[in-house]
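Visitor: Hi! Could you walk me through this structure? I'm new to this.
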Amino acid sequence: MNKYGPNQLATFTWEDNVLECRAENGVLLRAEVLTPHIVRIRYGTEGYFLDDFSYAIDESFQKEEVETLINEGAYQLTIKTPVIQCRIRKSDLQVSFYDINGVILNEDEKGFHWERSDETGNDIVYMSKHVQKGEVFFGLGDKPTEMNIREKRFENWGSDCYGYDHSWDPLYKNIPFYYGLHHGIGYGVFFDNSFRTFFDFGKERSNATSFWAHGGEMNYYFIAGPELLDVAARYATLTGSSEMPALWALGFQQCKWSYYPESEVREVTDKMRELKVPCDAIYLDIDYMDGFRCFTWDLERFPDPKRMVSELKEEGYKTMVIIDPGIKKDPDYWVFQEGLANDYFCKRPDGPYVEGLVWPGECYFPDFTNPKVRDWWADLYEGLISDVGVAGVWNDMNEPALFEVESKTFPEDVRHDYDGHPCSHAKAHNVYGMQMARATYEGVKKHGDNKRGLIITRSGYSGLQRYSSVWTGDNIATWQHIWLANVQCQRLSISGISYAGSDIGGFIGQPSPEMFVRWIQLGIWHPFCRVHSSQDDGDQEPWSFGEEALDLFRDAVEMRYRLLPYHYTAFYQFYQDRTPILKPLTFVDQQDPETYYRDHEFVCGENFLTASIDQENTISKEIYLPEGEWYNYWTNDLLEGKESYQVGIDKNTFPLFVKAGSVIPMYPLQQYVGEKEITHVDLYIYHIEGYHQSHLYEDAHDGYEYQQGKYRYSTFSVTGGAKMLQITQEAEGQYEVPYEFKLNFIGLPFIPARIIVDGETRTIENLVVRSDFSQITIEA
């Protein structure tokens with residue numbers, strides 16, 4: 001096949017911050033300034049652009065009014081925003097980006113080119129760019145490989161990857177967004193194309209990075225930094241963030257394929273309470289259904305689901321259920337009847353329905369890209385959510401996955417509505433899971449009596465975070481998979497999907513007691529915290545590995561519950577500010593090249609740094625601390641950043657460090673969220689020679705009043721010296737916090753003599769203060 005590209009610029013227009021260029025061979029280039037930091041680039045190969053529609057872009061995203069200049073030179077056109085320059089070369093419409101001072105950020109190498117597929121009639125569209133000196137790359141969602149993806153190649157085509165391992169590709173999720181970093185300057189590229197896409201970061205040619213798709217447009221967004229965390233926030237502004245979860249959804253959750261009948265569910269939940277392992281949710285996998293028919297119950301195994309769910313709720317458990325996309329081909333099955341009568345199932349080009357073998361047997365599959373189908377699917381949840389009282393839904397098999405076919409999914413000629421932009425499965429495949437999760441989200445919210453439901457999806461596309469959390473899929477009980485869970489959740493977090501976790505302990509196989517403990521010690525730092533395992537491989541409840549492992553597991557989960565206000569605050573910062581909850585070290589100190597190749601360490605929220613223990617019999621681990629000062633959580637030793645340390649490890653500890661100057665909130669221990677009325681919260685205040693800010697977010701922990709201002713967001717500013725420490729608090733929002741603070745000081749270099757709270761002098765023994773204090777000073 002011949003490859004083509006734009007040639008000499010013939011004409012251009014500039015209107016409303018949109019530059020449109022036409023080459024002599026008819027190729028169009030459109031460069032649109034959306035914000036001072038974001039420029040959208042599109043190419044049309046036939047003298048026109050395709051319909052402008054995307055599932056990825058958040059409906060709330062608004063193009064900004066930006067003071068922009070356009071300049072025509074002899075060899076190029078230059079667009080200048082207050083922050084960046086976009087230069088288009090006249091000879092071939094190649095594009096380069098510079099900062100406002102003329103420092104190169106990103107530049108085309110061969111630039112845009114394409115070839116025509118005789119088989120599909122689609123353009124295969126390519127873009128290649130120069131790799132800058134020392135450039136490193138990050139992102140792309142759930143890829144199971146090292147954080148820095150320089151010299152690697154990837155494919156996005158959502159795939160059912162049972163028992164995946166290191167470097168398997170493609171995987172479940174399709175996130176065509178990456179970061180580049182060179183000379184300490186970061187940027188992002190979001191290639192918004194839902195066809196099968198590919199990315200090469202200098203693997204084929206060391207001096208070039210490229211991305212391409214088997215159809216659609218060359219349509220990408222350049223997102224300037226220079227800070228990587230700012231790029232992350234701008235990408236999440238473009239594609240959306242998650243709503244606040246209910247606080248219980250950040251608690252520990254227990255799952256298995258499968259807990260049945262009801263007596264086994266009760267045995268597990270009763271034992272969890274008996275052994276005092278905090279837990280907020282219990283899961284029902286596919287065996288709760290009647291013959292795996294979605295939206296039904298096996299009434300022999302679960303004779304009265306509403307009663308069971310209600311009784312579990314009284315004991316502090318939320319009930320979660322699984323729903324897959326396959327609808328059993330059964331003329332007596334009401335969901336199948338409705339879908340068939342309303343023509344809601346996917347079809348082949350000549351009219352037959354798509355049939356595929358999954359858990360129920362032969363199935364038809366709803367077209368979730370049709371808004372009428374999504375509305376129907378949403379209302380199917382009324383029985384589970386409103387009538388029975390289920391709290392949330394777990395969507396699986398939604399790549400979509402099929403059994404016993406080589407492709408493991410639909411044929412690419414299957415037709416989809418695509419919200420009024422009809423297309424083939426080649427275009428819709430990568431968004432299918434996201435649109436299923438969207439319909440589920442809308443149904444759970446509609447029928448949830450103003451409660452925040454929990455949605456989980458295995459597959460999806462950029463923007464899925466608006467509707468759902470994710471887990472990393474069918475992993476294996478190996479030490480390497482602890483490391484994979486670590487890097488995958490870090491990568492998902494910087495790819496806009498902070499609400500992520502792994503199957504703790506591994507879905508396939510059975511971990512050793514030590515491995516199980518080390519996995520939960522990592523899992524308590526992931527926003528989604530759930531044990532899940534296969535019935536094929538034995539039990540995986542906290543008590544399944546002996547008394548010592550149970551005690552260590554319980555210790556880790558209790559830490560999670562004490563730190564729930566910290567995790568809730570981190571989630572609010574993702575919701576409000578679009579800040580990733582998990583931050584790789586490069587995103588903490590991008591000026592330090594030592595961080596570019598660190599995979600184990602990461603920062604959770606603002607102030608905690610931890611790392612996975614992913615080797616057997618570990619008694620010490622090398623940890624690199626980024627800039628600043630850090631306290632060892634276990635010993636309170638103060639360490640300087642930009643240094644590596646050999647950290648001692650025992651069975652009950654793992655690498656954990658707190659940034660100097662932090663204010664860490666902790667709740668009293670509960671067995672589930674809402675078990676106790678919270679009357680006091682511990683604040684652990686770490687001394688600093690200098691200044692640092694921390695935050696605390698509170699609301700009603702459920703419902704949506706926080707979106708109308710019923711929340712409290714406190715900023716704690718800590719200033720410290722050799723003989724004093726001062727904490728000031730400023731708060732916003734209309735929520736009245738129902739507790740007091742108990743102060744705990746860590747690392748004071750002096751013996752405290754007095755404490756002054758809002759002008760009132762107290763003895764050092766009196767360390768309980770109102771939650772709305774303004775200033776506290778502690779002096780030698």
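Guide: Happy to, and we'll take a strand with its partners, then a pair of helices. Keep in mind that this is a predicted model.

Visitor: Okay, is strand E11 mostly buried or exposed?
Guide: Strand E11 covers residues 123–130, and 7 of its 8 residues are buried, so it is largely enclosed by the rest of the structure.

Visitor: How many bridges join E10 to E11, and how do they run?
Guide: Strand E10, residues 104–116, is joined to E11 by 7 bridges, and the two run antiparallel. As an example of who faces whom, Met 127 in E11 has Phe 112 opposite.

Visitor: And what sits between those two strands?
Guide: E10 and E11 form a hairpin with 6 residues between the strands, and there Gly 121 takes a positive phi near 80°.

Visitor: What about E18, how does E11 pair with that strand?
Guide: E11 and strand E18 (residues 208–213) also run antiparallel, with 6 bridges joining them. Here His 130 has Ala 208 in E18 as its bridge partner.

Visitor: Cool, switching to helices. At what angle do H10 and H11 cross?
Guide: The axes of H10 (residues 547–562) and H11 (residues 564–577) cross at roughly 60° and come within 4 Å. That angle makes H10 oblique to H11.

Visitor: Which residues meet there?
Guide: From H10 there are Arg 560, Tyr 561 and Arg 562, and they meet Leu 564, Pro 565 and His 567 of H11.

Visitor: What kinds of residues are in that contact?
Guide: The contact of H10 with H11 has 3 nonpolar, 1 polar and 2 charged residues.

Conventions
Residues are numbered from 1 along each chain as its sequence is written. This is a predicted model: local features need pLDDT of at least 70, side-chain atom pairs count only at pLDDT 80 or more; totals for chains, interfaces and linings use all residues. Side-chain values use heavy atoms; hydrogens and water are left out. Axes are lines fitted to C-alpha atoms, for helices over the stretch in contact, and angles run from 0 to 180 degrees between N-to-C directions. Angles under 35 degrees count as roughly parallel, over 145 as roughly antiparallel, 65 to 115 as roughly perpendicular and the rest as oblique. Contact means heavy atoms within 4.5 Å. Ala, Val, Leu, Ile, Met, Phe, Trp, Tyr, Cys and Pro count as nonpolar, Asp, Glu, Lys and Arg as charged, and the others, Gly among them, as polar. Buried means under 20% relative accessible area, exposed over 50%, partly exposed in between (1.4 Å probe, protein chains only). Two strands pair if DSSP finds at least two bridges between them.
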